[in-house]
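Thanks for making time, everyone. Let me put the model up, and then I'll walk through it piece by piece.

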Amino acid sequence: MSAMTTTATAQPALLSIGNIYLLIGFVVLFLVIKTLQDKDHPKRLTTALFWGLFGSVFLLGDLSVTYLGESLTYRWVGVCVIAIALLAGMGKVSMGSYDVPSDEVQTASARRIGNRLFIPAVLIPVVTVVCTILLKDIQLGSLYVFDQSHVTLAALTLACTIALLVSWKFTGGSPLQALGESRRLVDSIGWAAILPQMLAMLGGVFIVANTGTAIQDLVTLFVSPDNRFMLVVIYCVGMALFTMVMGNAFAAFPVMTAGIAVPFLIQGHGASPAPLVAIGMYSGYCGTLMTPMAANFNIVPAALLNLKDKYQVIKVQIPTALSLLFINILLMYGVIFND
């Protein structure tokens with residue numbers, strides 16, 4: 001998990017990556033407590049255990065606990081990951097009961113707030129970019145505001161906090177109400193909410209396992225290294241398919257690029273590296289549009305919009321994704337080779 005990859009920063013910071021992980025852990029812990037208090041929850045204990053294990057990684061992941069010279073922390077995190085997968089696979093995570101305003105109250109609130117509702121959402125990227133580019137070196141005395149090794153993540157944390165404060169101002173709600181609603185949304189998404197974090201780790205695992213070399217050998221069995229068009233098709237379609245499986249184009253990228261793009265297209269056919277890998281990533285994003293594994297893109301919006309069909313977003317995006325994938329293949333084959 002990401003909390004286990006924290007490295008010490010050279011300078012102390014108010015919004016250090018360690019503090020951010022602790023904040024996430026405490027928020028998840030609040031959700032666990034609310035779940036345990038929900039007596040009408042059909043799977044109260046196992047759902048609380050699922051999120052408790054997930055939150056414990058953020059709360060305890062940086063503790064240095066050793067036994068006989070070996071770290072126990074990493075083993076604990078590994079056990080948590082396995083337990084989380086088992087709980088999700090056995091269907092032990094479900095929604096509970098929530099205090100949801102009536103349709104009339106929600107309609108009246110929407111009319112009162114109007115388009116101002118979008119201001120907090122817009123503030124998040126704007127504040128993040130401004131802080132990352134213009135305010136990254138700001139200090140309070142000898143203390144940096146933003147973690148200098150993770151400026152963007154620290155800026156994103158501040159941006160989300162500011163957006164939350166603005167939302168409270170517009171809606172007249174309370175912090176506890178916001179946290180309670182976050183529990184409903186997280187439960188609506190379910191175990192898929194942590195898929196991006198889980199799947200992102202697989203990219204590193206595949207690299208260590210030399211999966212790229214295995215793919216290179218597999219391609220050689222079925223396609224001639226001189227068949228440029230088929231290599232382009234395999235690379236683009238492979239990026240899309242692998243992204244659909246992984247749920248993350250960044251995880252698919254090093255494997256497919258090391259296995260196909262570098263040995264066959266760049267070294268073998270003299271393709272220009274920069275546009276080649278850029279179009280390869282675009283092809284991976286086409287896969288992102290077509291998979292529920294990319295939960296943050298496709299499942300979360302369905303939950304936020306209260307769609308009856310949680311796959312409706314994906315169904316709408318498939319024609320666009322396939323069209324863009326076809327265009328990417330043509331672009332890669334037609335414009336990036338030096339000959």
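The protein chain has 14 helices and 5 strands. Keep in mind that this is a predicted model. Its C-alpha atoms fill a box of roughly 65 × 60 × 50 Å along the principal axes. The chain has 339 residues, and 37% of them are buried. Now the contacts. Take those between residues at least 6 apart in sequence: 73% of them join residues at least 24 apart.

One pair gives a sense of distance. Asp226 and Leu87 are 139 residues apart in sequence. In space, C-alpha to C-alpha, Asp226 and Leu87 are 48 Å apart.

On to the nonpolar cores. The largest one has 34 residues. Which residues have the most contacts inside it? They are Tyr235, Leu265, Leu276 and Met332. Several helices supply at least two residues each to this core: α9, residues 211–222; α10, residues 228–246; α11; α12; and α14, residues 312–335. Helix α11 gives the most, with 10 residues.

Look at Leu276 for a moment. Leave out residues up to four places away in sequence. Leu276 then touches Tyr235, Ala261, Leu265, Ile266, Ala271, Met332 and Ile336. Tyr235, Leu265 and Met332 are also on the list of residues with the most contacts inside the core.

Apart from this core lies another, of 28 residues. Among its members are Tyr21, Cys80, Ile84 and Val145.

Next, His269. Where does it sit? His269 is in the loop between α11, residues 249–266, and α12, residues 273–288. Is His269 buried or exposed? His269 counts as buried, because its relative accessibility is 15% and the cut-off for buried is under 20%. Its side chain makes a polar contact of 3.5 Å with the side chain of Arg228. Again, set aside residues up to four places away in sequence. His269 then touches Pro225, Asp226, Arg228, Leu231, Phe264 and Phe337.

Asp226 is on that list, so let's see where it is. Asp226 lies in the loop between α9 and α10. Asp226 is exposed, since its relative accessible area is 67% and exposed means over 50%. That puts a buried His269 in contact with an exposed Asp226.

Now the charges. How many salt bridges does a search of the whole structure find? It finds 4. I'll take three of them, starting with Asp38 and Arg183.

Asp38 forms a salt bridge with Arg183, and the closest N and O atoms are 2.9 Å apart. This pair links distant parts of the chain. Asp38 is in the loop between α1, residues 17–37, and α2, residues 44–60. Arg183 is in helix α7, residues 175–189. The two are 145 residues apart. Both Asp38 and Arg183 are buried.

Stay with Arg183. Its side chain also meets that of Asp187 in a salt bridge, 3.7 Å from N to O. Arg183 and Asp187 are 4 residues apart in helix α7, so about one helical turn separates them. Arg183 has a relative accessible area of 7%, so Arg183 is buried. Asp187, at 6% relative accessibility, counts as buried too. Salt bridges that share partners join Asp38, Arg183 and Asp187 into one network.

The third bridge pairs Arg184 with Glu181, at 2.4 Å from N to O. These two are 3 residues apart in helix α7, so they too are separated by about one helical turn. Arg184 is buried, with a relative accessible area of 15%. Glu181 counts as partly exposed, because its relative accessibility is 30%, and partly exposed runs between 20% and 50%.

Helix α7 comes up once more, in a pocket. The second largest pocket holds about 390 Å³ of space. Its lining has 20 residues. Which of them lie nearest its centre? They are Ser188, Ile189, Gly190, Ile299 and Lys310. The elements that give two or more residues to this lining are α7 and α13, residues 295–304. Helix α7 gives the most, with 4 residues.

To recap helix α7: Arg183 in this helix pairs with Asp38 from a loop, and the helix also gives 4 residues to the pocket lining. That's it from me; over to your comments.

Technical notes: Residues numbered from 1 in each chain as written. Predicted model: local features only at pLDDT ≥ 70, side-chain atom pairs only at ≥ 80, totals over all residues. Heavy atoms only, no water. Buried < 20%, exposed > 50% of the residue type's maximum accessible area, 1.4 Å probe, protein only. Polar contact = N/O pair within 3.5 Å; in protein donor to acceptor, adjacent residues only side chain to side chain. Contact = heavy atoms within 4.5 Å. Core = buried A, V, L, I, M, F, W, Y, C linked by side-chain atoms within 4.5 Å. 1 Å grid on protein atoms, 1.4 Å probe; cavity = no way out; pocket = protein on both sides within 12 Å on 5 of 7 lines; lining within 4 Å. Points joined across faces, edges and corners; volume = space filled by probe spheres on them.
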